[in-house]
Amino acid sequence: MADEKLVRGIGRWDLTAILINTIIGAGIFGLPAKVHALIGTYSLIAFFACAVIIGFIVLCYAEVSSRFTSTGGPYLYAREAFGSVVGFEVGWLYWIVRVTTFAANCNLFVTYLGFFVPGASSGIFRIVAISMIVFLIFAINLIGVKQSALATNLFTAGKLIPLFIFVAVGIFFIQPENFAFGELPEYGAFASAVLLLIYAFVGFEVGVVMGGETKDPQRNTPFALLVALGIVATLYILIQVVSIGTLPGLASSERPLADASIVFLGVFGASFITIGALISILGNLNVGFLGSTRLLYAMSENRELPNALAKTHSRFKTPWVAILLTSLVIFVLTVYSTFLTAVAIATITRLLVYATTCLALPIFRRRDDAPQAKFSTPLGVLAAILSLILIGWLLTRVDLTKEGLPILIAALVGLVIFAANRFLGNRSLDNAS
């Protein structure tokens with residue numbers, strides 16, 4: 001089997017840590033202010049609504065992922081359910097999402113680094129900082145998946161401790177008068193706030209990509225998905241409660257958690273939260289990189305990308321060509337992009353990828369030849385239908401001319417790559433015969 005070239009070194013709690021790391025990235029350190037500016041205290045309801053929407057989608061992922069033991073995640077599910085063309089498009093678009101998101105968050109990391117190292121976010125120092133970050137992530141992932149999982153566990157602890165302290169201490173400094181539920185927000189404002197918050201909840205799908213390196217993935221993946229979402233959703237809502245309750249000027253804050261922590265932790269609080277943001281982003285970069293390289297590996301194993309991308313290192317048992325190529329691409333993208341470049345496009349493309357997995361659930365249930373599910377989602381078909389309706393509702397908030405066009409262009413480029421690789425592959429087989 002293809003995945004025998006990889007090492008199953010990711011355990012149940014390792015995968016849970018990976019999922020927490022992919023969900024909690026940079027968003028939660030800035031979005032509390034942005035959504036509060038849109039709908040005020042009703043932002044608490046928006047956070048809850050987001051958790052419910054993502055919850056339905058995660059239930060679909062939990063069942064579908066329990067049918068597979070191989071690497072690929074959404075790409076693998078789409079390929080099995082809808083055929084190789086749709087599967088390739090899902091894999092291709094999701095790889096673009098991962099590398100552009102890495103570039104965006106890496107730029108944000110450098111910006112936060114400027115808080116401690118003046119000048120780090122501009123000029124030659126910015127390029128040096130980006131080079132060091134990319135090389136660090138490259139080295140961790142090349143050495144082995146066990147080392148990457150260990151680094152992820154450390155990053156998870158490093159990001160959760162500051163956030164837990166923020167909530168645990170801040171809860172005692174809440175001013176009840178800050179919670180003013182006035183006039184109901186307009187529908188458009190509330191829908192926009194929910195779409196904005198989706199960015200803070202996405203990323204869990206990275207964990208399912210690494211099925212070929214996960215121990216007993218059919219049981220551990222559903223467990224990790226549900227536990228990780230429960231922890232993150234609870235933490236996010238509590239963070240918003242503390243932010244509203246302790247920071248009267250929340251709506252206009254550029255660094256809401258840092259500014260709020262000054263109220264009850266003093267100047268030390270801002271530095272503490274900023275360090276937490278740096279660790280959070282670094283952990284997010286690591287697991288996002290891990291997922292994107294395994295996606296290239298899986299697509300190459302299925303002969304939908306050049307065979308070289310499936311080569312594994314003789315000593316480390318990692319897909320070193322995919323790791324090297326991804327490192328070069330993200331370095332160039334990071335140097336020539338900004339944080340906001342990919343956020344909207346990445347979120348929209350993710351929703352499209354989520355839709356294919358949700359749609360795959362009822363298809364697999366009806367197929368006699370589908371791999372057996374080791375986890376059955378209660379009312380799974382209903383969860384899939386609700387997920388698709390909610391995804392459709394979120395996509396109504398999209399500016400198709402602004403954000404839809406780049407996605408369409410990327411999809412067309414993917415079709416060209418798919419057709420070219422098929423053509424060249426068939427020619428090679430003809431010559432060999």
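Helix H12 covers residues 267-301 of this predicted model. With 35 residues at 1.5 Å a residue, H12 should span 51 Å, and its end C-alpha atoms lie 52 Å apart, which agrees. Most of H12 is covered, since 29 of its 35 residues are buried. Just after H12, Arg303 adopts a positive phi of about 60°.

Ser292 is one of the residues of H12. Its relative accessibility is 2%, so Ser292 counts as buried. Leaving out residues up to four places away in sequence, Ser292 touches Trp95, Arg98 and Thr326.

A second buried position is found in helix H6, which comprises residues 123-143 and contains Leu142. The relative accessible area of Leu142 is 18%, and because buried means under 20%, Leu142 falls in that class. Apart from neighbours within four places in sequence, Leu142 is in contact with His313, Phe316, Thr318, Trp320 and Ile323. The C-alpha atom of Leu142 is separated by 14 Å from that of Glu213, and these two residues are 71 residues apart along the chain.

The largest nonpolar core has 132 residues. Those touching the most other members are Ile24, Ile57, Tyr61, Phe166, Phe201, Phe204 and Tyr236. For Tyr236, the contacts beyond four places in sequence are Ile23, Ile24, Ile28, Phe47, Ala200 and Phe201. Tyr61 and Phe204, both named in that core, also belong to a cluster linked by ring pairs, together with Phe68, Tyr77, Tyr354 and Phe364.

The model contains 18 aromatic pairs. Tyr42 and Phe181 form one that is edge-to-face, at 5.2 Å centre to centre and with 85° between the planes. This pair links distant parts of the chain, 139 residues apart: Tyr42 lies in the loop between helix H2 (31-39) and helix H3 (43-65), and Phe181 in the loop between helix H7 (145-170) and helix H8 (187-201). Tyr42 counts as buried, whereas Phe181 counts as partly exposed.

Phe173 and Phe264 form a stacked pair, because their planes stand at 25° and planes under 30 degrees apart count as stacked. The ring centres of Phe173 and Phe264 are 5.8 Å apart. This pair also links distant parts of the chain, with Phe173 in the loop between H7 and H8 and Phe264 in helix H11 (residues 256-265), 91 residues apart. The accessibility of the four ring residues is set out below.

| Residue | Relative accessibility | Class |
|---|---|---|
| Tyr42 | 11% | buried |
| Phe181 | 46% | partly exposed |
| Phe173 | 38% | partly exposed |
| Phe264 | 10% | buried |

In each of these two pairs, a buried ring residue therefore meets a partly exposed one: Tyr42 with Phe181, and Phe264 with Phe173. Another ring, that of Phe223, has the charged end of Arg12 over it, 4.2 Å from the ring centre.

Confidence in the prediction can be stated for the chain and for its elements. The chain averages a pLDDT of 85, and 93% of the residues score at least 70. Among the elements of the chain, helix H10 (residues 217-246) has the highest mean pLDDT, 94, and helix H16 (residues 400-432) the lowest, 74. Where pLDDT is low, the predicted coordinates should not be read in detail.

Definitions and conventions
Residues numbered from 1 in each chain as written. Predicted model: local features only at pLDDT ≥ 70, side-chain atom pairs only at ≥ 80, totals over all residues. Heavy atoms only, no water. Phe/Tyr/Trp six-rings, centres within 6.5 Å; stacked < 30°, edge-to-face > 60°. Helix = DSSP H or I, 4+ residues; strand = E, 2+ residues; numbered from the N terminus. Buried < 20%, exposed > 50% of the residue type's maximum accessible area, 1.4 Å probe, protein only. Lys NZ or Arg CZ within 6 Å of the ring centre and 35° of its normal. pLDDT = per-residue confidence, 0-100. Contact = heavy atoms within 4.5 Å. Expected span 1.5 Å × (residues − 1). Core = buried A, V, L, I, M, F, W, Y, C linked by side-chain atoms within 4.5 Å.
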